[in-house]
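Work through the exercises below with the structure open beside you. Try each task before reading its solution.

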Amino acid sequence: QVQLVESVGGLVQPGGSLILSCAASGNRFSDSAMGWYRQAPGKQRELVAVISSGGITNYPDSVKGRFTISRDNAKRTVYLQMNSLKPEDTAVYYCQILGTSYWGQGTQVTVSS
């Protein structure tokens with residue numbers, strides 16, 4: 001029914017930046033809240049950013065001030081701009097249509113010198 005396709009992550013130096021994208025199929029993107037999660041080895045999956053259908057955003061303290069979630073409804077795409085990256089940000093990042101079982105495939109982000 002719905003498919004979410006994430007962009008490729010990558011290797012970033014500490015202090016660097018990276019942007020992820022997540023493109024949704026279908027035509028119900030604009031009325032859906034979206035989220036980005038991450039999961040590192042040995043850790044539980046963590047919600048790092050949410051954006052409502054109206055563009056209201058929220059972040060946990062771990063990424064607040066460094067990460068920005070945004071959406072382009074015309075492109076049915078949600079983005080995660082990550083700045084001032086730290087090694088602790090290393091994880092597989094997943095997008096999700098909140099309240100559903102629709103997830104992106106996951107993309108690896110590694111922050112290392």
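**Exercise 1. Place Arg76 and describe its backbone.**

Step 1. Find the residue. Arg76 lies in the loop between β7 (67-72) and β8 (77-82). Keep in mind that this is a predicted model.

Step 2. Look at phi. For Arg76 the angle is near 50°, a positive value in a residue other than glycine.

Step 3. Set this against the general rule. Most residues other than glycine have a negative phi.

Step 4. Decide on exposure. Arg76 has 32% relative accessibility. Buried would need under 20%, and exposed over 50%. So Arg76 counts as partly exposed.

**Exercise 2. Do the same for Ser84.**

Step 1. Ser84 is found in the loop between β8 and β9.

Step 2. Its phi is near 50°, again positive in a residue other than glycine.

Step 3. The relative accessible area of Ser84 is 40%, so Ser84 is partly exposed.

**Exercise 3. How many aromatic pairs are there, and of which kind is each?**

Step 1. Know what to look for. A pair of aromatic rings is described by the distance of the centres and the angle of the planes.

Step 2. Count. Ring centres must lie within 6.5 Å. By this rule there are two aromatic pairs.

Step 3. Take Tyr37 and Trp103. Their centres are 5.0 Å apart, with 55° between the planes. Stacked needs under 30 degrees and edge-to-face over 60, so the rest are tilted. This pair is tilted.

Step 4. Trace the pair along the chain. Tyr37 is in strand β4 (residues 34-39). Trp103 is in the loop between β9 (91-97) and β10 (107-111). The two are 66 residues apart, and the pair links distant parts of the chain.

Step 5. Take Tyr94 and Trp103. Here the centres are 6.3 Å apart and the planes make an angle of 90°. That makes the pair edge-to-face.

Step 6. Put the rings together. Tyr37, Tyr94 and Trp103 form one aromatic cluster.

**Exercise 4. Sort the cluster residues: buried or partly exposed?**

Step 1. Use the cut-off: buried means under 20% relative accessible area.

Step 2. Tyr37 has 18%, so Tyr37 is buried.

Step 3. Tyr94 has 16% and is buried too.

Step 4. Trp103 has 30%, so Trp103 counts as partly exposed.

**Exercise 5. Over which rings does the charged end of Arg45 sit?**

Step 1. Check Tyr94. The charged end of Arg45 sits over this ring, 4.1 Å from its centre.

Step 2. Check Trp103. The charged end of Arg45 sits over this ring as well, 4.7 Å from its centre.

Terms used. Residues are numbered from 1 along each chain as its sequence is written. This is a predicted model: local features need pLDDT of at least 70, side-chain atom pairs count only at pLDDT 80 or more; totals for chains, interfaces and linings use all residues. Side-chain values use heavy atoms; hydrogens and water are left out. Rings of Phe, Tyr and Trp (its six-membered ring) pair if their centres lie within 6.5 Å; planes under 30 degrees apart count as stacked, over 60 as edge-to-face and the rest as tilted. Helices (H or I, at least four residues) and strands (E, at least two) are DSSP runs, numbered from the N terminus. Buried means under 20% relative accessible area, exposed over 50%, partly exposed in between (1.4 Å probe, protein chains only). A charge sits over a ring if NZ of Lys or CZ of Arg is within 6 Å of the ring centre and within 35 degrees of the ring normal.
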